[in-house]
Amino acid sequence: MIETFFISLLTKNLLGSFKKLIKFAAAQNNYTHMKLVPSSDTIAPLILLTALILFMLLSPQAKSGQQSAGDFTALLIITDFGTDVDDAQAFAYLAKNKAQHKGKNLTIAGIISTGYIPEIRAKSIELFLNLYGITAPIAIGKPEKTEQEIAAYSILHSLNGTPYETTLLEKLGSYPPNAQMWKNMQHSTYCNKYTSPGRLIDSLLRLYPNNLRVVILAQATQFSNYLADIEKRGRPTPQFHSIYIQGQCDTSTLRTTGRIQPNFAAFNLREDSSATYKLFELQTTTPFIFLSKHATYPLAFTKEETNLIGRAGYPGDYLKTAAYTGLQSFLKRDPGTFYKIFKATSLDSLKTINNPYDLLTVIAINSPRLFAADTVYVGKIPHILIDRHVPTVPKEKFWE
């Protein structure tokens with residue numbers, strides 16, 4: 001009965017259907033029993049995408065159960081959570097995803113917080129996941145910047161004298177479910193609980209041998225540092241199941257060099273080009289799956305959809321706040337680029353709020369058939385290039 005209700009909602013007017021969805025969900029006494037039936041390929045991908053996000057937000061408590069490591073599709077996620085809202089959208093999807101991939105549940109096996117202010121980002125991730133009743137081991141990457149560069153970054157990203165990512169951290173701390181955790185975070189030694197990237201990766205490789213998927217949603221600095229360190233120590237390169245990258249690659253060099261190269265038009269790849277080149281050394285042993293920025297443009301969240309998501313409890317309120325706060329900071333520090341991207345000079349004139357780069361990257365893990373993809377080979381290793389969002393069946397060889 002509930003499944004039929006959701007299918008009917010997905011095929012009707014977008015905003016009207018979601019208003020009914022919210023009212024219906026609010027009337028339920030036990031959100032954890034609600035199940036979203038996967039859409040057929042004929043349903044518009046934008047409707048499916050927004051429906052998935054809203055559904056994840058409307059049931060914030062995770063369903064518990066005893067499962068072994070073999071029951072999971074384990075993900076190691078490298079993120080700069082807080083910089084843009086799409087990281088939070090990706091974690092929202094993973095936190096409440098009920099779909100199946102090869103009969104195994106997606107699970108956040110570990111997280112590496114990276115970038116200029118990894119401690120703030122690690123705390124923000126922990127608080128956000130706590131809204132869903134979820135915990136995951138978190139590692140803090142060492143900032144590859146000088147104190148002067150970090151200070152300059154904080155000033156550039158400030159609103160009303162405070163770095164906006166700090167404002168968002170405080171917002172997460174203000175939600176009642178996070179009260180005790182936020183109180184604990186005020187102690188200067190709190191971050192000592194977080195592990196190092198190297199220790200986290202080693203522990204996950206032991207737990208999920210040959211089955212750990214790495215998800216690159218930010219610069220690859222910490223992951224590449226790990227690869228360089230084990231090489232220096234004379235250890236063999238570990239075997240990962242696959243590596244998902246939000247970004248693009250250049251395949252034009254395949255004929256001459258037999259290798260693909262990074263496309264530095266992708267922010268995550270150009271932010272640390274040395275780390276990117278180190279990451280790409282794995283292409284001869286590990287499948288890469290690229291989610292191009294071009295696949296996200298037709299699926300941008302509109303202002304109406306963002307405001308609607310904002311009504312869906314504490315996670316939804318955070319996603320809306322993070323989206324607008326990030327845009328406000330972007331407009332303040334770089335109005336020229338802001339206009340180039342959004343064709344707007346103020347937040348009031350915006351039609352779209354964000355392109356869900358990171359969200360689509362994790363959806364591609366679980367639902368590859370929502371996308372059209374091309375496959376190239378480096379030796380016998382397949383690499384998947386997702387550049388379009390058209391819901392058609394991609395090449396089967398790698399996904400089977």
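Buried residues account for 54% of the 400 residues in the protein chain, which is shown here as a predicted model. Display the whole chain as a cartoon: 18 helices and 14 strands are present. Contacts between residues at least 6 apart in sequence are worth displaying at this stage, and 73% of them join residues at least 24 apart. With the surface switched on, the accessible area comes to about 18000 Å², and carbon and sulfur atoms hold 52% of that area.

**The largest pocket**

Select Asp-84, Phe-267, Phe-330, Ile-341 and Tyr-357. Of the 44 residues lining the largest pocket, these lie nearest its centre. The space in this pocket amounts to about 1300 Å³. Next, colour the elements that each contribute two or more residues to the lining: helix 4 (85-96), helix 6 (147-156), helix 12 (267-270), helix 15 (313-333), helix 16 (335-342), strand 12 (352-354) and helix 17 (357-366). Which of these elements gives the largest share of the lining? Helix 15 does, with six residues. Colouring the lining by class separates 20 nonpolar residues from twelve polar and twelve charged ones.

**The second largest cavity**

Keep helix 15 in view and turn to the enclosed spaces. The structure holds three cavities of 30 Å³ or more. The second largest cavity has a volume of about 60 Å³. To find this cavity, select Gln-89, Thr-306, Ile-309, Leu-319 and Lys-320, which are the closest to its centre among the ten residues that line it. At least two lining residues come from each of helix 4, helix 14 (303-309) and helix 15. Helix 15 again provides the largest share, here three residues. By class, this lining consists of six nonpolar residues, three polar residues and one charged residue.

**Arg-121 in helix 5**

Now select helix 5, residues 118-130, and pick out Arg-121 within it. Is Arg-121 buried or exposed? Its relative accessibility is 3%, so Arg-121 counts as buried. Show the residues around this side chain and backbone. Beyond those up to four places away in sequence, Arg-121 touches Asp-80, Phe-81, Thr-83, Ser-113, Thr-114, Gly-115, Tyr-116, Tyr-153 and Glu-165.

**Ser-158 in strand 4**

Move to strand 4, a run of residues 158-159 that includes Ser-158. Because its relative accessibility is 11%, Ser-158 counts as buried. Draw a C-alpha to C-alpha distance from Ser-158 to Arg-333: the two are 8.9 Å apart in space, although 175 residues separate them in sequence. Which residues does Ser-158 contact, apart from neighbours within four places in sequence? They are Pro-163, Tyr-164 and Lys-332.

**Two loop residues with positive phi**

Most residues other than glycine have a negative phi. Two loop positions can be inspected with that in mind.

- Select Asn-210, in the loop between helix 9 (197-207) and strand 6 (212-216). Its phi is near 65°, a positive value in a residue other than glycine. Asn-210 counts as exposed because its relative accessibility is 51%, the cut-off for exposed being over 50%.
- Select Lys-343, in the loop between helix 16 and strand 12. The phi of Lys-343 is near 50°, again positive in a residue other than glycine. With 58% relative accessibility, Lys-343 therefore counts as exposed.

**The hairpin of strands 13 and 14**

Finish at strand 13, residues 372-378. How many of its seven residues are buried? Five are, and the strand is thus mostly covered. Add strand 14, residues 381-388, to the selection: the two strands run antiparallel and are joined by seven bridges. Across this pairing, Tyr-377 stands opposite Pro-382 of strand 14. The hairpin has two residues between its strands, and Gly-379 adopts a positive phi near 65° there. When the side chains are displayed, one general pattern is useful to recall: in a regular strand they alternate between the two faces of the sheet.

Definitions and conventions
Residues are numbered from 1 along each chain as its sequence is written. This is a predicted model: local features need pLDDT of at least 70, side-chain atom pairs count only at pLDDT 80 or more; totals for chains, interfaces and linings use all residues. Side-chain values use heavy atoms; hydrogens and water are left out. Buried means under 20% relative accessible area, exposed over 50%, partly exposed in between (1.4 Å probe, protein chains only). Helices (H or I, at least four residues) and strands (E, at least two) are DSSP runs, numbered from the N terminus. Two strands pair if DSSP finds at least two bridges between them. On a 1 Å grid over the protein atoms alone, a cavity is a set of points where a 1.4 Å probe fits but cannot get out, and a pocket is an open set with protein on both sides within 12 Å along at least five of seven lines; lining residues have an atom within 4 Å of a point. Grid points are joined across faces, edges and corners, and a volume is the space filled by probe spheres set on the points. Ala, Val, Leu, Ile, Met, Phe, Trp, Tyr, Cys and Pro count as nonpolar, Asp, Glu, Lys and Arg as charged, and the others, Gly among them, as polar. Contact means heavy atoms within 4.5 Å. Accessible areas come from the Shrake-Rupley method with a 1.4 Å probe; for residues, only the protein chains shown count as cover.
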